[in-house]
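Here is a friendly walk through a structure, in question-and-answer form. Have the coordinates open and follow along.

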Amino acid sequence: MKYDNGRDIFPERLLKQIQKYVSGKLVYIPSSDKKRAWGETSGYKQYLIERNRDIKSKFNAGASVEQLADEYYLSCESIKKIIYSKKEVFTMEYECTLSSAQSFAKNGKLEEWVHTYLLSDGHNKDFSDGLKLFDRYFLGPVKMPLSLLTRCCGPEENMKWRINEEWFEKHVNELSEVLKKETDMPPLIVHYLIEDGKTEGEFELNDGNHRLEAYSRLGIEEYYVIIWITEKNEYDLFLSAYSQFFK
């Protein structure tokens, strides 16, 4: 029987969990009873939705069929089918704001808002692609104490992602001025997880490191966050520990 090495398939964290139950043996993993719709696992279906939405938006803004065909490497006929399709491609208008994220969440579209943000204003396609690899829980936006969060990006030596101090300070100072006037900034995006060997969960800030520092310097103690979680036990622990913020 042909087998695949678990190291080539499972994320390291998941592999360690499996090894707690079985190690060095052949294990049959049955297919899921629930058939997923085409493109859901790879994220390609969502990509097409976002692409077609962009094509319609640019056409309505004045772009020609020929220009769009060149930009998206499609035939003019394909562009016309997308433009004139009566099927609703995307029923809500995205904006890089808290109120937009709240509106999407209210309509069960929070995950769509996250990916649209990351692929546009967030400038983080790699993060979006990574999120699409597995099913995730998305919660929020919910106002939480910013003291729960820790930056992973900055000029300090202990940062996971170190960046130039001068550039960091410049960006934080610019954001601080914006935050003094703007109250509808997009929510921070945070990963809640339980590290191996630990029983308590922790928050890993994925998007909004500069804003978090700016909020801190301005004395702002709370703001809205979007929480994403992978494991069911982590999801249950989060709701048990932080359900008061959802009331």
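The questions below concern a predicted model, and they go from cysteines to salt bridges and then to helices.

Q: How many disulfides does the structure hold?
A: A disulfide needs a pair of cysteine sulfur atoms within 2.5 Å. C153 is in no disulfide, as the nearest cysteine sulfur, that of C152, is 6.3 Å away. For the structure, the number of disulfides is zero.

Q: Is C153 buried or exposed?
A: The cut-off to keep in mind is that buried means under 20% relative accessible area. C153 has a relative accessible area of 13%, so C153 is buried.

Q: Which residue meets R151 in a salt bridge?
A: Start from R151, which is buried with a relative accessible area of 14%. Its partner is partly exposed, with a relative accessible area of 29%. The N to O distance of the pair is 2.6 Å, and the residue that meets R151 is E156.

Q: How many residues apart are R217 and E169?
A: The side chains of R217 and E169 meet in a salt bridge at 2.8 Å, N to O. R217 lies in helix α10 (residues 209–218) and E169 in helix α9 (residues 165–179), so this pair links distant parts of the chain. R217 is partly exposed at 38% relative accessibility, and E169 is partly exposed at 26%. Along the chain, the two are 48 residues apart.

Q: Which residues are linked in a network of salt bridges?
A: The structure holds 13 salt bridges. Among them are the pair of R151 with E156 and the pair of R217 with E169. Both pairs belong to one network, and its members are R151, E156, E169, E213 and R217.

Q: What is the relative accessible area of R211, the salt-bridge partner of D207?
A: The side chains of D207 and R211 meet at 3.0 Å, N to O. D207 is buried, with a relative accessible area of 8%. R211 is buried too, and its relative accessible area is 6%.

Q: How many of the nine residues of helix α7 are buried?
A: Helix α7 covers residues 110–118 and is largely enclosed by the rest of the structure. Its buried residues are L110, E112, W113, V114, H115, T116, Y117 and L118. Of the nine residues, the number buried is eight.

Q: Which residues is H115 in contact with, leaving aside its neighbours within four places in sequence?
A: H115 has its place in helix α7. At 2% relative accessibility, H115 counts as buried. With its neighbours within four places in sequence left aside, the residues in contact with H115 are E50, S128, L131 and K132.

Q: Are α4 and α5 roughly parallel or roughly perpendicular to each other?
A: Helix α4 (residues 65–72) packs with helix α5 (residues 76–84), their axes 9 Å apart and at an angle of about 110°. Angles of 65 to 115 degrees count as roughly perpendicular. The two helices α4 and α5 are therefore roughly perpendicular.

Q: How many charged residues does the contact of α4 with α5 have?
A: On α4 the contact is made by V65, E66, L68 and A69, and on α5 by C76, I79, K80 and I83. One of these, C76, is partly exposed at 31% relative accessibility. By class, the contact has six nonpolar residues and no polar ones, and the number of charged residues is two.

Key: Residues are numbered from 1 along each chain as its sequence is written. This is a predicted model: local features need pLDDT of at least 70, side-chain atom pairs count only at pLDDT 80 or more; totals for chains, interfaces and linings use all residues. Side-chain values use heavy atoms; hydrogens and water are left out. Buried means under 20% relative accessible area, exposed over 50%, partly exposed in between (1.4 Å probe, protein chains only). A salt bridge is a side-chain nitrogen of Lys or Arg within 4 Å of a carboxyl oxygen of Asp or Glu. Helices (H or I, at least four residues) and strands (E, at least two) are DSSP runs, numbered from the N terminus. Axes are lines fitted to C-alpha atoms, for helices over the stretch in contact, and angles run from 0 to 180 degrees between N-to-C directions. Angles under 35 degrees count as roughly parallel, over 145 as roughly antiparallel, 65 to 115 as roughly perpendicular and the rest as oblique. Contact means heavy atoms within 4.5 Å. Ala, Val, Leu, Ile, Met, Phe, Trp, Tyr, Cys and Pro count as nonpolar, Asp, Glu, Lys and Arg as charged, and the others, Gly among them, as polar.
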